[in-house]
Amino acid sequence: MLQCLSAAWCMRVIEGNRSTWYFVLLVLVYVLYLVFGAVVFSLVESPYEDLLREELGTLKQQFLQDNDCLSEERLEQFLAKALEASNYGVSVLNDTSTNYNWDFTSALFFASTVLSTTGYGHTVPLSDEGKAFCILYSVVGIPFTLLFLTAVVQRIMVFSTRRPVAYVQRRWALSKPLVSGVHAGLMALIVVSCFFLIPAIIFSVMEEEWNFLESFYFCFISLSTIGLGDYVPGEGYNQKFRQLYKVGITVYLLLGLIAMLVVLETFCELQQLKKLRKMFYLKKEITEDQLNIVDHDHFSFASVSDPVASVRDYRTDLINDSSPIAATDGSVIR
């Protein structure tokens, strides 16, 4: 008996707090996913890191042996200064001395990465004035960019998603979930082709040291606003049409970000995903004022509908009580 009562009580607790349990499960799965990613990255990248450290150590020792007049301490000082300058986007190599980080097109590219929160990190402000302006520029610019992207995506969604889905649904009398799912898949395929595959081919041609995988990797890291900064286009030696190339990349990143948001919004409007999201949401609580408004509206509706219902019932009673009368021509009249 006690076991039945405890089991029933547990079931009532679970049913009454289902969204909470779903949310706890979501948190646990997300933590496990983080740990899974850390383990995979560690296992894959650690051997390459160890190999690179070994190669650098060997090159350093070989360089010191070939140059007896140079002490290890002075070499360390030079390398530290060179690495510090490299972190600010300035290289000591001769083949990159002609590439400036703060000409207009490079600054335009930097501004677009700041406002889109991509932030490759290959170019950063050098002066205190530049750092202060970057803070103020971002404080105003990032919300402004979100407002701009929201407005653009909202207008594009009307013509790219809502109207086509509604037209196909009415024209062929298909279910909305089916039409929306197929449309979302087609949208994703078009965006992947136009903003990932084709640009990856172009980048693999324009960037001599990039293969297709590295180019596709750059497109994904950029349009997902991850922006690791390990691959940045237009920074190669003697890059052809570098100024125009930088402007084109800026336009590509902006259009690609809009296309990604349109696809994400299209998938978010799917009924299946809406149901999935609601599993983890808290139920909205109705306040006392809202209950009073609902009760008042219900009373008002009932007071208006009751006379109508009375008239309808009265007419029904009249019809039921009347009997058919035979007409002279044989027809039946009520």
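These notebook entries record what I looked up on helix packing and on enclosed space in a predicted model.

**Entry 1. H6 against H8**

I began with helix H6, residues 176-206, and helix H8, residues 242-268. I found their axes 10 Å apart, at an angle of about 160°. Angles over 145 degrees count as roughly antiparallel, so H6 is roughly antiparallel to H8. I noted the crossing of this pair as left-handed.

I then listed the residues in contact. On the H6 side I recorded His 183, Ala 184, Gly 185, Met 187, Ala 188, Val 191, Phe 195, Phe 196, Pro 199, Phe 203 and Met 206. On the H8 side they meet Tyr 245, Ile 249, Tyr 252, Leu 255, Gly 256, Ala 259, Met 260, Val 262, Val 263, Thr 266 and Phe 267. Sorted by class, this contact has 18 nonpolar and four polar residues, with no charged residue.

**Entry 2. H7 against H8**

I next took helix H7, residues 212-223, which packs with H8 at about 65°. The axes of H7 and H8 lie 9 Å apart. Angles from 65 to 115 degrees count as roughly perpendicular, and therefore H7 is roughly perpendicular to H8. I noted a right-handed crossing for H7 and H8.

From H7, I recorded Cys 219, Ser 222 and Leu 223 in the contact. Their partners in H8 are Tyr 252, Leu 253, Gly 256, Leu 257 and Met 260. I counted six nonpolar and two polar residues in the contact of H7 with H8, and no charged ones. I also noted that Tyr 252, Gly 256 and Met 260 of H8 appear in the contact with H6 and in the contact with H7.

**Entry 3. H4 against H5**

I turned to H4 and helix H5, the latter spanning residues 128-172. Their axes come within 9 Å and cross at roughly 60°. Phe 110, Ala 111, Val 114 and Leu 115 represent H4 in this contact. In H5 I recorded Cys 134, Tyr 137, Ser 138, Gly 141, Ile 142 and Thr 145. The contact of H4 with H5 divides into seven nonpolar and three polar residues, with no charged residue.

**Entry 4. Cavities**

I searched for enclosed space and obtained three cavities of 30 Å³ or more. The largest cavity holds about 50 Å³. I listed its lining as Asn 101, Ser 106, Phe 109, Phe 110, His 122, Thr 123, Glu 235 and Lys 246. Helix H4, residues 104-115, gives the most to this lining, with three residues. By class, I found two nonpolar, four polar and two charged residues in the lining of the largest cavity. Phe 110 thus has two entries here: it lines the largest cavity, and it takes part in the contact of H4 with H5.

**Entry 5. The second largest pocket**

I closed with the second largest pocket, for which I obtained a volume of about 470 Å³. Its lining consists of 16 residues, with Leu 56, Phe 78, Leu 79, Ala 82 and Leu 83 nearest the centre. Helix H2 (18-66) and helix H3 (72-87) each supply at least two residues of that lining. The largest share, seven residues, comes from H3. I classed the lining of the second largest pocket as 11 nonpolar, three polar and two charged residues.

Key: Residues numbered from 1 in each chain as written. Predicted model: local features only at pLDDT ≥ 70, side-chain atom pairs only at ≥ 80, totals over all residues. Heavy atoms only, no water. Axes fitted to C-alpha atoms, helices over the stretch in contact; angles between N-to-C directions. Helix = DSSP H or I, 4+ residues; strand = E, 2+ residues; numbered from the N terminus. Parallel < 35°, antiparallel > 145°, perpendicular 65-115°, else oblique. Left-handed = near helix turned anticlockwise from the far one by under 90°. Contact = heavy atoms within 4.5 Å. Nonpolar A, V, L, I, M, F, W, Y, C, P; charged D, E, K, R; others polar. 1 Å grid on protein atoms, 1.4 Å probe; cavity = no way out; pocket = protein on both sides within 12 Å on 5 of 7 lines; lining within 4 Å. Points joined across faces, edges and corners; volume = space filled by probe spheres on them.
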